[in-house]
Amino acid sequence: MTAISRERAERIAKAHACSHCQEYTYRKLSVKPASPAIEKELGAVWIAVKVCGVCDYQSEIGIEADGDIVFES
């Protein structure tokens, strides 16, 4: 199976509401490849770091190769 593209991972991250205030507005969003350790342990191939535009809450989500969200912290 081929992993989803970075652009698709960005769209998935934007479509996931802030876990603190449930808003969809982000001041900052960056998507980067997951480290080999995270990929092996959790199965995430992309890591998205988001800063909410409403409450300034910073969160990180892991996205699998098929587009499912593996974790949020």
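Cysteine 21 counts as partly exposed because its relative accessibility is 25%; buried means under 20% relative accessible area, exposed over 50% and partly exposed in between, with a 1.4 Å probe and protein chains only. This is a predicted model, in which local features need pLDDT of at least 70, side-chain atom pairs count only at pLDDT 80 or more, and totals for chains, interfaces and linings use all residues. Residues are numbered from 1 along each chain as its sequence is written, and side-chain values use heavy atoms, with hydrogens and water left out.

**Cysteines**

The structure holds zero disulfides, a disulfide being a pair of cysteine sulfur atoms within 2.5 Å. Cysteine 21 is in none; its nearest cysteine sulfur belongs to cysteine 52, 3.6 Å away. Cysteine 55 is in none either; for cysteine 55 the nearest cysteine sulfur is that of cysteine 21, at 3.7 Å. Cysteine 55 counts as partly exposed, at 27% relative accessibility.

**Accessibility of selected residues**

| Residue | Relative accessibility | Class |
|---|---|---|
| Isoleucine 4 | 16% | buried |
| Arginine 27 | 57% | exposed |
| Aspartate 56 | 48% | partly exposed |
| Valine 70 | 29% | partly exposed |

**Nonpolar cores**

A nonpolar core is a set of buried Ala, Val, Leu, Ile, Met, Phe, Trp, Tyr and Cys residues joined through side-chain atoms within 4.5 Å. The largest has eleven residues, including Ile4, Ile12, Val31, Trp46 and Ile63. Helix H1 (6–14), strand S2 (44–52) and strand S3 (58–64) each supply at least two residues of this core. Helices (H or I, at least four residues) and strands (E, at least two) are DSSP runs, numbered from the N terminus. Another core, of five residues, lies apart from it; Ala34, Ile47, Val49 and Phe71 are among its residues.

Isoleucine 4 sits in the segment before H1. Contact means heavy atoms within 4.5 Å. Beyond four places in sequence, the contacts of isoleucine 4 include Ala9, Ile12, Trp46 and Ile63. Its C-alpha atom is 9.2 Å from that of isoleucine 63, and the two are 59 residues apart along the chain. With the same neighbours left aside, tryptophan 46 is in contact with residues including Ile4, Val31, Pro33 and Ile61.

Valine 70 belongs to strand S4 (residues 69–72). Outside its neighbours within four places in sequence, valine 70 contacts Leu42, Ala44, Gly62, Ile63 and Glu64. The C-alpha atoms of valine 70 and tryptophan 46 are separated by 10.0 Å, at 24 residues apart along the chain.

**Charged and polar groups**

A salt bridge is a side-chain nitrogen of Lys or Arg within 4 Å of a carboxyl oxygen of Asp or Glu. The count by this rule is one. It joins the side chains of arginine 27 and aspartate 56, at 3.0 Å from N to O. The pair links distant parts of the chain: arginine 27 is in strand S1 (residues 26–33), aspartate 56 in the loop between S2 and S3, 29 residues apart.

Lysine 50, in strand S2, is buried yet has no salt bridge. The nearest side chain of opposite charge is glutamate 72, 4.8 Å away; Lys and Arg count as positive, Asp and Glu as negative, while His and the chain ends are not counted.

What does the side chain of lysine 50 make a polar contact with? The partner is the side chain of tyrosine 26, at 3.1 Å. A polar contact is a pair of N or O atoms within 3.5 Å; within protein, one must be able to donate a hydrogen and the other to accept it, and residues adjacent in sequence count only if both atoms are side-chain atoms. A polar atom of the lysine 50 side chain also lies 3.2 Å from the backbone oxygen of histidine 16.
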